[in-house]
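Here is a friendly walk through one protein chain, taken a step at a time. Keep the sequence and the 3D view side by side as you read.

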Amino acid sequence: MATISSLGIGSGLDLNGLLDDLESAERQQLTPIVAQQQSYQAKISAFGQLESALDSLRQAALELSEADGFTDVKSSLSGEALSATVGDEAVVGSYEIEVTQRARNYSIATEGVADKEALLGAGTIQFTFASDSGPSGGAAEVEVTAEDSSLEGIRDAINAADIGVVASIINDGSDQPYRLVLSSAETGTEAAIASVAFSGDLQSSLNTDGTTEVEAQDAKLKVNGIDITSQSNRVEDAIQGITLDLEDTGSVSLEITRDTAAIEGKISGFVSAYNNLQDTISSLTSYDQETGSAGVLIGNVTVQSVESRLRNTLTDVLTSSGTFNSLSDLGITLEVDGTLTLDEEALGDLVAEQLSDLTQFFAGVADEDGLADRLDTVLGAMLDEDGTLDSATSGLESSIERLQERYEDTEARIDSTIERYRTQFTQLDLLITQMNTTSTYLTQQFEALSAQLGQSD
């Protein structure tokens with residue numbers, strides 16, 4: 001609040017300084033309110049850290065909640081005739097693949113013209129395709145205007161029509177070097193161009209050259225002795241869950257094996273996520289006896305509830321889960337400090353020898369939930385809207401809002417008090433000024449009277 005610079009001039013007293021001291025003392029009432037707001041805000045931030053750690057655990061659990069999460073496979077390919085991409089539906093197996101023919105596009109060129117920018121005349125180009133299931137339903141045509149009838153204009157018109165034909169221009173170096181090359185946009189016999197016909201003025205100025213024709217062909221391969229034909233060099237349906245990209249002719253061997261490392265990684269990731277959560281909880285609820293410093297959420301009942309519910313879920317015996325009933329059966333031990341310890345060697349053996357039982361333990365079977373599903377349900381109650389953490393932070397936010405209202409009310413009251421002090425100090429300053437004036441006047445009068453008496457003697 002600004003002070004009046006003239007306050008105290010008349011009295012000679014430091015009324016401005018006194019007013020500032022009084023205002024500073026009054027504003028001390030705001031200090032505990034601000035401190036409480038900061039405390040609540042720190043708790044909200046801490047709950048944010050806890051939420052992040054819980055969400056990471058939930059994501060790790062989701063990786064184990066579906067049986068598909070235990071079907072990861074990897075591929076091993078010998079040979080260079082193709083590349084293979086493994087999808088989610090791929091299954092373990094061995095495949096001998098022989099590529100005898102790659103798919104290719106149909107193409108044909110026109111006879112040459114001397115100038116690619118010279119106008120050839122208006123007309124229509126009719127295309128028919130080898131199959132009704134091919135581009136444009138088996139037939140299409142492109143209208144060419146006189147002003148756009150140069151070889152370049154015709155090329156652009158065909159490409160803009162998007163009918164399954166790609167046009168380009170080549171220069172063969174002859175006296176009439178410029179040829180329009182017409183190619184099917186896709187490989188395979190179904191997309192092939194069956195015929196090209198020119199009408200109008202184009203009929204006399206542009207003709208196809210049959211000697212340049214390149215026939216379309218389908219891809220042909222054998223998978224474990226089974227003949228397969230494909231319109232494209234990308235073959236997606238020959239082997240379940242595997243996409244083959246044919247790159248050359250030749251033979252390859254493809255091995256699809258169980259990716260045990262990926263499965264072990266998901267379980268290891270789950271253990272790490274839980275331990276990271278425990279580290280977060282420990283840091284938020286810790287107490288250092290030497291320094292006396294305490295975690296922001298020490299003694300918080302919400303955190304205690306979260307930790308207790310998670311521990312109960314992890315230690316529950318799953319009576320309907322099959323061979324394995326608890327994490328300890330998998331070599332995962334719950335330690336005294338709340339963290340999990342993973343026996344990686346034991347887990348590796350289980351993945352290799354008892355994958356079905358391991359899948360059932362985490363992902364469940366039929367209508368029975370596995371551990372991952374149960375954990376997801378518990379975590380959902382904590383993390384979802386109106387869940388445990390949402391309720392806790394909403395309560396803190398409401399408290400901060402109430403404190404802000406209290407702060408504003410207190411500040412208004414302080415401002416009113418300081419204004420009252422200012423008014424009183426102004427009145428005091430005026431009163432002392434008047435008294436000083438009166439004192440000065442009386443002193444002058446007494447001095448004058450004394451002087452007169454002295455002269456009469």
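Begin at Asp-386, which sits in the loop between helix H9 (371–383) and helix H10 (388–456). The model you are looking at is a predicted one. The phi angle of Asp-386 is near 70°, a positive value in a residue other than glycine. Is Asp-386 buried or exposed? Its relative accessibility is 63%, and Asp-386 counts as exposed because that value is over the 50% cut-off.

A second aspartate has a positive phi too: for Asp-162 the angle is near 50°. To find Asp-162, look in the loop between helix H3 (151–161) and strand S7 (165–171). With a relative accessible area of 69%, Asp-162 is exposed.

Now move along helix H10, which spans residues 388–456. An unreviewed UniProt entry annotates residues 393–420 as a "coiled-coil region". In the model, that stretch is 100% helix and 0% strand, and the C-alpha atoms at its ends lie 41 Å apart.

Further along the chain, Tyr-441, Leu-442, Phe-446, Leu-449 and Leu-453 make a nonpolar surface patch of about 540 Å². Take Leu-449 as a sample: this residue belongs to helix H10 and is partly exposed, with a relative accessible area of 44%.

The surface also has a charged patch. Asp-343, Glu-344, Glu-345, Asp-349 and Glu-353 gather there, and the charge of the patch is negative. Asp-343 lies in the loop between strand S17 (340–342) and helix H7 (344–353). Its relative accessible area is 38%, so Asp-343 is classed as partly exposed, a label for values between the 20% and 50% cut-offs.

Next come the charged pairs. Side chains of opposite charge can pair when their charged atoms come close. How many salt bridges does the model hold? The count comes to ten.

One of these salt bridges joins the side chains of Arg-27 and Glu-411, at 3.1 Å from N to O. Arg-27 is in helix H1 (residues 15–27) and Glu-411 is in helix H10, so this pair links distant parts of the chain, 384 residues apart. Both partners are partly exposed: Arg-27 has a relative accessibility of 28%, and Glu-411 has 25%.

Another salt bridge forms between Lys-266 and Asp-72, whose closest N and O atoms are 2.9 Å apart. Why does this pair tie together separate parts of the chain? Lys-266 lies in helix H5 (residues 260–285), while Asp-72 is in the loop between helix H2 (31–62) and strand S1 (73–78), so the pair connects parts that are 194 residues apart in sequence. Lys-266 has a relative accessible area of 17%, and because that is under 20%, Lys-266 is called buried.

For a further pair, look at Asp-227 and Lys-222, whose side chains meet in a salt bridge at 3.9 Å from N to O. This distance falls within the 4 Å limit, so the pair counts as a salt bridge. Asp-227 is exposed, with a relative accessible area of 61%, whereas Lys-222 is partly exposed at 34%.

Finally, salt bridges can be joined up. Arg-58, Asp-376 and Asp-384 are linked in a network of them.

Conventions
Residues are numbered from 1 along each chain as its sequence is written. This is a predicted model: local features need pLDDT of at least 70, side-chain atom pairs count only at pLDDT 80 or more; totals for chains, interfaces and linings use all residues. Side-chain values use heavy atoms; hydrogens and water are left out. Patches are made of residues with over 30% relative accessible area and no salt bridge: like charges are joined within 9 Å, nonpolar side chains (Val, Leu, Ile, Met, Phe, Trp, Tyr) within 5 Å. Accessible areas come from the Shrake-Rupley method with a 1.4 Å probe; for residues, only the protein chains shown count as cover. Lys and Arg count as positive and Asp and Glu as negative; His and the chain ends are not counted. The place of a charge is taken as NZ of Lys, CZ of Arg, CG of Asp or CD of Glu. Helices (H or I, at least four residues) and strands (E, at least two) are DSSP runs, numbered from the N terminus. Buried means under 20% relative accessible area, exposed over 50%, partly exposed in between (1.4 Å probe, protein chains only). UniProt positions are given in the numbering used here, feature names are shortened, and annotations may be inferred rather than shown by experiment.
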